[in-house]
Amino acid sequence: MKKHNFSAGPCVLPKSVMEQAAAAVLNFDEGLSLLEISHRSKPFVDVMENARSLALELLGLEGKGYKALFLQGGASTQFLMVALNLLEKRAGYLNSGTWADKAIKEAKIYDDIYEVGSSKSANFNYIPKGYDIPEDYDYFHCTSNNTIFGTQMKSFPNSPIPMVCDMSSDIFSRQLDFSQFDLIYAGAQKNMGPAGTTLVVIKEDILGKVSRKIPSMMDYKVHISKGSMFNTPPVFAVYVSMLTMQWLKDLGGIKAIEEINEKKASLIYSEIDLNPLFKGYAAKEDRSNMNATFTLENENLKETFDAMCVEAGINGINGHRSVGGYRASMYNALSLDSVKALVEIMSELESKA
């Protein structure tokens with residue numbers, strides 16, 4: 001039976017990518033597995049260079065002073081690295097969800113952090129708006145998509161200072177002017193590949209302006225100078241990320257996938273709004289195209305709905321404990337047919353109730 005994978009992460013991956021990755025584990029370079037070749041060998045150096053090049057190409061940042069890195073430690077390590085490399089006196093953070101809140105906590109280890117806006121008092125069910133970004137701060141940090149709560153920034157402020165964005169859960173999913181950001185980071189496992197690597201895209205001219213000493217492993221300049229090869233990279237995660245980006249490019253790039261993602265989101269939110277058995281969690285104007293969060297109005301129907309989902313092969317829709325209910329994560333590789341399958345179950349539940 002076909003499984004419809006709505007997991008919030010690790011993400012669903014294209015079938016063709018899975019097949020190529022599986023083949024490479026067995027035979028990548030003349031009988032050698034991808035998992036056993038030297039990361040300094042030409043075949044893998046080519047993979048790394050291609051992956052970094054594809055990232056810049058898809059984001060439209062080629063020749064604009066940016067470098068792409070594939071690092072380790074997840075987005076959680078970036079909470080720390082951003083502050084280490086960019087924070088001199090004070091920085092402004094938009095607190096829009098659990099991961100934004102954790103980024104603030106990590107940055108506070110080093111210096112003065114100011115929350116320019118927060119939706120924490122409403123359990124992060126909307127994106128803060130109408131805030132000011134002080135011009136004398138070192139940088140402004142935001143989170144584009146909040147996986148747990150199902151909210152997404154639909155627009156970004158015209159920041160007078162360098163803008164840093166955690167795009168872990170919606171990278172490559174929609175068209176944006178990515179040059180408005182000075183640093184973008186994204187854990188691969190939400191929308192790009194398996195867990196184990198993190199994409200960092202950084203404008204070089206914002207570096208080298210802090211007075212503190214930075215440990216080599218935490219220094220963006222060191223990783224740039226070594227082409228993401230300062231230490232042994234996670235070869236499998238980088239390789240699969242490269243394949244996924246190539247898949248996206250062949251599909252028509254971000255423009256093409258955005259059209260598909262909008263259809264998926266429109267379909268499920270329409271059902272949530274029209275079906276009296278369900279209620280959306282996030283404010284309508286801030287609903288995420290990647291993560292739809294919703295609850296049952298009648299908890300007595302939960303057992304029936306859960307059983308129907310299992311029977312239909314629908315996997316990974318349980319909501320996070322912070323919100324409860326359900327969460328349908330619709331990353332790039334999730335098909336429109338999978339969303340249709342979930343919507344059919346929701347509609348069928350209404351007919352049974």
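Here are three short exercises, with worked solutions, on a predicted model.

**Exercise 1: Sketch the sheet**

Work out the strand order of the open sheet of 3 strands, and find which strands stand at the edges.

*Solution.*
Step 1. Let's start with a general point: strands of a sheet pair through backbone hydrogen bonds, and the pairing can be parallel or antiparallel.
Step 2. Reading across this open sheet, you get β11-β12-β14, and the pairing is antiparallel.
Step 3. Now count partners: β11 (278-280) and β14 (326-329) each have a single partner strand, so one side of each has no neighbour in the sheet, and these two strands are the edges.
Step 4. For your sketch, don't draw the strands perfectly lined up, as neighbours in this sheet are turned by 35° against each other on average, direction ignored.

**Exercise 2: Follow β12 and its surroundings**

Find how many bridges tie β12 to β14 and how many join it to β11, then work out what packs on the sheet.

*Solution.*
Step 1. Take the β14 side: β12, residues 291-296, pairs with β14 over 4 bridges, in the antiparallel sense. Among the bridge partners, Ala292 goes with Ala328 of β14, and Thr293 goes with Arg327 of β14.
Step 2. Over on the β11 side, 3 bridges do the joining, and β11 and β12 run antiparallel. One of the pairs you can look for is Lys279 with Thr295 of β12.
Step 3. Next, add the helices. Helix α7 (residues 253-274) lies across β11, β12 and β14, at about 20° to β12. Helix α8 (residues 302-311) also packs on the sheet and touches β11, β12 and β14, with its direction at about 25° to that of β14.
Step 4. Finally, check burial, where buried means under 20% relative accessible area. In β12, 5 of the 6 residues are buried, so the strand is largely enclosed by the rest of the structure.

**Exercise 3: Describe two pockets**

Say what lines the largest pocket and what lines the second largest pocket.

*Solution.*
Step 1. Get the volumes down: about 210 Å³ for the largest pocket and about 150 Å³ for the second largest.
Step 2. In the largest pocket, 16 residues form the lining, and Ala75, Trp99, Ser168, Gln189 and Lys190 are the closest to the centre. Helix α3 gives the largest share of that lining, 4 residues.
Step 3. Sort that lining by class and you have 4 nonpolar, 10 polar and 2 charged residues.
Step 4. The second largest pocket has 13 lining residues, with Ile127, Pro128, Lys129, Met153 and Ser155 closest to its centre. By class, its lining has 6 nonpolar, 3 polar and 4 charged residues.

Technical notes: Residues are numbered from 1 along each chain as its sequence is written. This is a predicted model: local features need pLDDT of at least 70, side-chain atom pairs count only at pLDDT 80 or more; totals for chains, interfaces and linings use all residues. Side-chain values use heavy atoms; hydrogens and water are left out. Two strands pair if DSSP finds at least two bridges between them. Axes are lines fitted to C-alpha atoms, for helices over the stretch in contact, and angles run from 0 to 180 degrees between N-to-C directions. Contact means heavy atoms within 4.5 Å. Buried means under 20% relative accessible area, exposed over 50%, partly exposed in between (1.4 Å probe, protein chains only). On a 1 Å grid over the protein atoms alone, a cavity is a set of points where a 1.4 Å probe fits but cannot get out, and a pocket is an open set with protein on both sides within 12 Å along at least five of seven lines; lining residues have an atom within 4 Å of a point. Grid points are joined across faces, edges and corners, and a volume is the space filled by probe spheres set on the points. Ala, Val, Leu, Ile, Met, Phe, Trp, Tyr, Cys and Pro count as nonpolar, Asp, Glu, Lys and Arg as charged, and the others, Gly among them, as polar.
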